[in-house]
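Hi,

Here is the structure I promised to pass on to you. Have a look at it first, and then read on for what turned up.

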Amino acid sequence: MTDTRQRLERIARARSAVRDFFARRNVLEVGAPVAGARAVTDPQLESICFRVVNETRYLQTSPEFALKRLLAQGSGDIYSLGTVFRDDEQGRWHSPEFTMLEWYRLGFDHHDLMDEVESLVQSVWARVPAVDRVSHQKLYQEVLGLDSLSATVEQLKACAQRLQDCPFTETSRVFWLDLLWAIGIEPALQGRACFVYDFPIEQAALARLGASKGQTVAHRFELVINGVELANGFWELTDADEQQRRFEADNLNRERLGQPRVEPDERLLQALHNGLPDCAGVALGFDRLVALSSGFQQVSDALALSWDRA
Amino acid sequence: MANFSTNEFRPGLKVMLDGEPCSILENEFVKPGKGQAFNRVRMRNLSTGRVWERTFKSGETLEGADVMDHTMEYLYTDGEFYYFMDPVTFEQHQADKKAVGETHLWLKEQDTCEVTLYNGTPLSVTPQNFVELEIVETDPGLKGDTAQGGNKPARLSTGAVVKVPLFVTQGEVIKVDTRSGEYVSRASKS
């Protein structure tokens, strides 16, 4: 590992670079609550909860809901650089506690925001590899020879089975798309930097849906460098009713997976009802950016004191 | 046997997969953006030596394998089996040729080695990193070649053939690194 002082300087310089970048663009830094009254419903995200002053609070997995409420209150363009927590995520590129850079831009769509993400990354990492852009559909076509938007579960399963013995009984397209990402796509993205955009609608998360070449897609993107997911962005969903339906769908999935129900954030829904301005937003793993740009082999080197030693 | 969850898979952990004992080599946590978390695992099948790549949903469990390494003394071979003795219990174990594999090239009677037992039966045998063996056949060395380097093949008492420096002669005992199969030095005089 690099010398401690050098490591800390890398981290500090990256923080300054981020703040300078947004100051130049007139995007305001805001502090989002770390412990919120509500948690995300996404079955793939586990919030850490605890009791404080006789009520349950959740360590936020991202500042998304708080920032959207501020946007609905008229904040204008904002960003947050802060600590978030995710239970059950630990590995070379994962730490249960990490630093997330998240920002929202009014009037941007996901393509405008990809341009800005690329500039932001360059401001921290002068020698970032050239970043190309590929649609989700084209990427799966190139690497695995299947159509990620329309392939059936059977086709996805057969494709995975060709790569590896996969004794799974799941029957959702999302599961098999995720598995193919883990065993086929991610390894193929080693040595490459690219934005993957326009996801299958089952993977929309909080992105709005739209048409691309006659097919309905989710206007979501990810920046992947060397197989590591660095950022995930949306042309944001602003429809409160659709948001409520997705919360309920998440809870149905949680029930199917034997996970506890998570009460939807009614304050976020109220904010969407009041009117979230048209915007695009992105969350970027700040520690991963520091690690990749510094040549660190694991994300824990980009934390002043890693989770193991916290 | 206890069950182990994917987050407990550490290199060296012995688990059962498809009815075969395996040793974990690598375990990488992967989570596609906003998707299902997986662990991509590389493991060695201890029966065949083959490396398997498997992907598990994070949180899945595997049964531990009753696999233990024991230091034992090598006794002898009857041509079909190799016999080892636990120096503490004096219990004897017979290992077949498949379990001994290439290790027979480094086994000298009364030497100690690591015997991996699976359900009480030898699964594999690992020699010590360095063994001392006698040269039973090699060309005569040429005088004056000590400084020049160069080497020649030498057959050892176990049947192994290693490259030795030209000055080493038949009947000498040499020290060999069993991991690389390379000559290290002449054996220390005892």
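Let me start in chain B: how many of the 8 residues of strand 4 (residues 38-45) of chain B are buried? The answer is 6, so to speak a strand that is mostly covered. Please keep in mind throughout that this is a predicted model.

**The strands of chain B**

Strand 4 of chain B has a partner in strand 3 (residues 20-30) of chain B, and the two pair in the antiparallel sense over 8 bridges. One place to find this pairing on your screen is B:Val30, whose bridge partner in strand 4 of chain B is B:Phe38. Strand 4 of chain B is also joined to strand 5 (residues 51-57) of chain B, by 7 bridges, and these strands run antiparallel. Here B:Phe38 turns up again, standing opposite B:Lys57 of strand 5 of chain B. The hairpin made by strand 4 and strand 5 of chain B has 5 residues between the strands, and B:Gly49 takes a positive phi near 80° in it.

**Where the chains meet**

B:Lys57 leads us on to chain A, since it forms a salt bridge with A:Glu170. The closest N and O atoms of that pair are 2.4 Å apart. Across the interface of chain B and chain A there are 4 salt bridges, and 8 residue pairs are in polar contact. Which elements of chain B give two or more residues to the side that touches chain A? They are strand 3, strand 4 and strand 5 of chain B, and strand 5 gives the most, with 5 residues.

In the contact, 29 residues come from chain A and 19 residues from chain B. Together the two chains bury about 2,000 Å², with 52% of it on carbon and sulfur atoms. On the chain B side, B:Phe29, B:Lys31 and B:Lys34 supply 33% of the area buried against chain A, more than any other three residues.

**A helix in chain A**

Finally, take a look at helix 5 (residues 153-163) of chain A, where the buried residues are A:Val153, A:Leu156, A:Cys159 and A:Ala160. Why do they lie on the same side of helix 5 of chain A? Because they cover an arc of only 130° around the axis. In general, an α-helix has 3.6 residues a turn, so residues three or four places apart point the same way. On the other side of helix 5 of chain A, A:Glu154 and A:Arg162 are exposed. The cover over the buried residues of helix 5 includes helix 4 (136-144) and helix 6 (173-188) of chain A.

Best wishes

Key:
Residues numbered from 1 in each chain as written. Chains lettered and ligands numbered in written order. Predicted model: local features only at pLDDT ≥ 70, side-chain atom pairs only at ≥ 80, totals over all residues. Heavy atoms only, no water. Buried < 20%, exposed > 50% of the residue type's maximum accessible area, 1.4 Å probe, protein only. Helix = DSSP H or I, 4+ residues; strand = E, 2+ residues; numbered from the N terminus. Arc of directions from axis to C-beta. Contact = heavy atoms within 4.5 Å. Pairing = 2+ DSSP bridges. Buried area = accessible area lost by both parts, 1.4 Å probe. Salt bridge = Lys/Arg side-chain N within 4 Å of Asp/Glu carboxyl O. Polar contact = N/O pair within 3.5 Å; in protein donor to acceptor, adjacent residues only side chain to side chain.
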